[in-house]
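Trainee: I should like to take a close look at a single part of this model, namely how its helices pack against one another. Could you guide me through it in one connected account?

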Amino acid sequence: MVPAMFVFGDSLIDNGNNNGLASLAKANYYPYGIDFAAGPTGRFSNGYTIVDGIADLLGLPLIPAHSEASGDGLLYGVNYASAAAGILDITGRNFIERIPFNQQITNFQSSLDQITANLGAAADVAGAIADCIFYVGMGSNDYLNNYLMPNYNTRNIYNSDQFSTLLVQQYTLQLTVTNSYIILTIPINHHELLMNFYKYEIVNSMQRLYNLGARKFVLMGVGSLGCIPSILAQNMLNQCAAEVDQDLVLPFNSKVKKMVNGFNSNLPAAKFTYIDSYKMIMDIINNHENYGFKVINSGCCGIGRNRGQITCLPFQTPCPNRDEYVFWDAFHPTEKVNVILAMRAFNGSGGIVYPINIEQLADLKLVQTSD
């Protein structure tokens with residue numbers, strides 16, 4: 001259906017890029033991967049991630065981690081995702097090393113150079129790249145491992161609406177920029193901090209994904225944060241913390257969807273699809289019995305309240321009935337949930353995918369214009 005898929009994101013789709021880093025965010029140990037054929041690989045799941053499921057549906061092999069891909073292994077795509085990574089470079093510093101979205105884009109540029117060298121000057125690399133799927137799932141850590149962290153000053157500088165605006169403006173720069181300079185509409189009293197973050201990034205916008213040839217984009221919204229075992233354990237709740245989603249997740253997702261509308265209106269040579277991860281996961285939680293799930297407020301592997309106070313530790317014994325759990329650990333869904341999410345993102349309709357699903361995006365023939 002497509003030549004390849006290139007993946008950018010965080011621990012929800014990391015498949016091993018953090019393994020070799022001096023990072024506290026790793027999953028290359030048992031029982032992670034307990035249901036995966038290759039065992040623990042760095043996936044934060046008992047088995048498949050959502051992009052593994054999407055790769056299957058696209059008829060592609062499982063996409064290799066950037067840390068392991070080389071030569072012909074690059075030809076079907078590369079996964080650049082890194083646990084603890086965010087839209088903002090500063091996000092996730094509590095975990096020490098991670099690969100922020102900006103660096104993931106730079107890594108893609110390096111891969112593109114390798115692909116071009118491998119295929120030779122006669123190959124239409126640009127045409128092939130334009131037909132590939134670019135899957136981007138960012139934003140969760142900018143809340144969990146930045147805005148909500150007590151050792152970050154972010155909440156003292158930005159209210160929730162200002163912060164979501166900041167994230168989406170930076171996201172826009174990273175995905176596609178058609179002018180050399182962008183005016184960021186952050187309140188004036190935040191100007192100095194903003195410049196500290198992005199002083200050099202705006203003028204270097206030519207390194208962003210659109211300008212590197214990406215044309216078929218899948219943007220995954222942030223799923224529910226108020227329902228994950230980690231948040232439930234912090235608040236000693238047996239039900240989702242609705243205010244977390246209402247104040248943080250939904251405003252961010254709404255702005256991302258508006259961003260997608262703007263891209264599709266202004267960039268006719270590209271197509272952006274938004275996947276509403278929040279709606280999908282809430283449908284599973286609210287109707288869990290219909291999907292065969294029995295446990296929605298606890299991780300299958302973890303320690304403490306809701307098995308969410310400490311995430312899954314090396315050689316910890318997980319629950320035996322993993323297909324009955326929505327959450328694998330304190331933060332991440334089980335393989336069964338990931339496969340459901342992949343299927344709905346691939347061929348879903350209605351309010352889940354906008355304006356088209358991944359299958360339709362893959363089949364779409366875009367008319368390329370000279371920029």
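**Helix packing in detail**

Mentor: In this predicted model, let us begin with a contact between two helices: Asp 142, Tyr 143, Asn 146 and Tyr 147 of H4 meet Ser 160, Phe 163, Ser 164 and Leu 167 of H6. Sorted by class, the residues in this contact of H4 with H6 comprise 4 nonpolar, 3 polar and 1 charged. Helix H4 covers residues 140-147 and helix H6 covers residues 160-175; their axes come within 11 Å and cross at roughly 130 degrees. Because of that angle, H4 counts as oblique to H6; the relevant range lies between roughly perpendicular, which ends at 115 degrees, and roughly antiparallel, which applies over 145. As for handedness, the crossing of H4 and H6 is right-handed.

A second pair of helices may be set beside it. H1 packs with helix H12, residues 335-347, at an angle of about 50 degrees, and the two axes are 8 Å apart. That angle is why H1 is described as oblique to H12. The crossing of H1 and H12 is right-handed. On the H1 side, the residues that take part are Ile 50, Gly 53, Ile 54, Leu 57 and Leu 58, and they meet Asn 338, Leu 341, Ala 342, Met 343 and Phe 346 of H12. By class, this contact of H1 with H12 has 8 nonpolar and 2 polar residues, and no charged ones.

Helix H1, which spans residues 50-58, also holds Asp 52. Asp 52 has a relative accessibility of 2%, and therefore counts as buried, the cut-off for that class being under 20%. Which residue does the side chain of Asp 52 engage in a polar contact? The partner is the side chain of Arg 43, at 2.7 Å. Leaving aside residues up to four places away in sequence, Asp 52 touches Phe 36, Arg 43 and Leu 62. Arg 43 thus appears both in the polar contact and among the residues that Asp 52 touches.

Beyond H1, the chain leads to Gly 73, which is placed in the loop between H1 and helix H2, the latter covering 101-119. Is Gly 73 buried or exposed? With a relative accessibility of 34%, Gly 73 falls into the partly exposed class, because that class lies between the limits of 20% and 50%. Gly 73 and Ile 63 are separated by 10 residues in sequence, and their C-alpha atoms are 8.7 Å apart in space.

Conventions:
Residues are numbered from 1 along each chain as its sequence is written. This is a predicted model: local features need pLDDT of at least 70, side-chain atom pairs count only at pLDDT 80 or more; totals for chains, interfaces and linings use all residues. Side-chain values use heavy atoms; hydrogens and water are left out. Helices (H or I, at least four residues) and strands (E, at least two) are DSSP runs, numbered from the N terminus. Buried means under 20% relative accessible area, exposed over 50%, partly exposed in between (1.4 Å probe, protein chains only). A polar contact is a pair of N or O atoms within 3.5 Å; within protein, one must be able to donate a hydrogen and the other to accept it, and residues adjacent in sequence count only if both atoms are side-chain atoms. Contact means heavy atoms within 4.5 Å. Axes are lines fitted to C-alpha atoms, for helices over the stretch in contact, and angles run from 0 to 180 degrees between N-to-C directions. Angles under 35 degrees count as roughly parallel, over 145 as roughly antiparallel, 65 to 115 as roughly perpendicular and the rest as oblique. A crossing is left-handed if the near helix is turned anticlockwise from the far one by less than a right angle, and right-handed if clockwise. Ala, Val, Leu, Ile, Met, Phe, Trp, Tyr, Cys and Pro count as nonpolar, Asp, Glu, Lys and Arg as charged, and the others, Gly among them, as polar.
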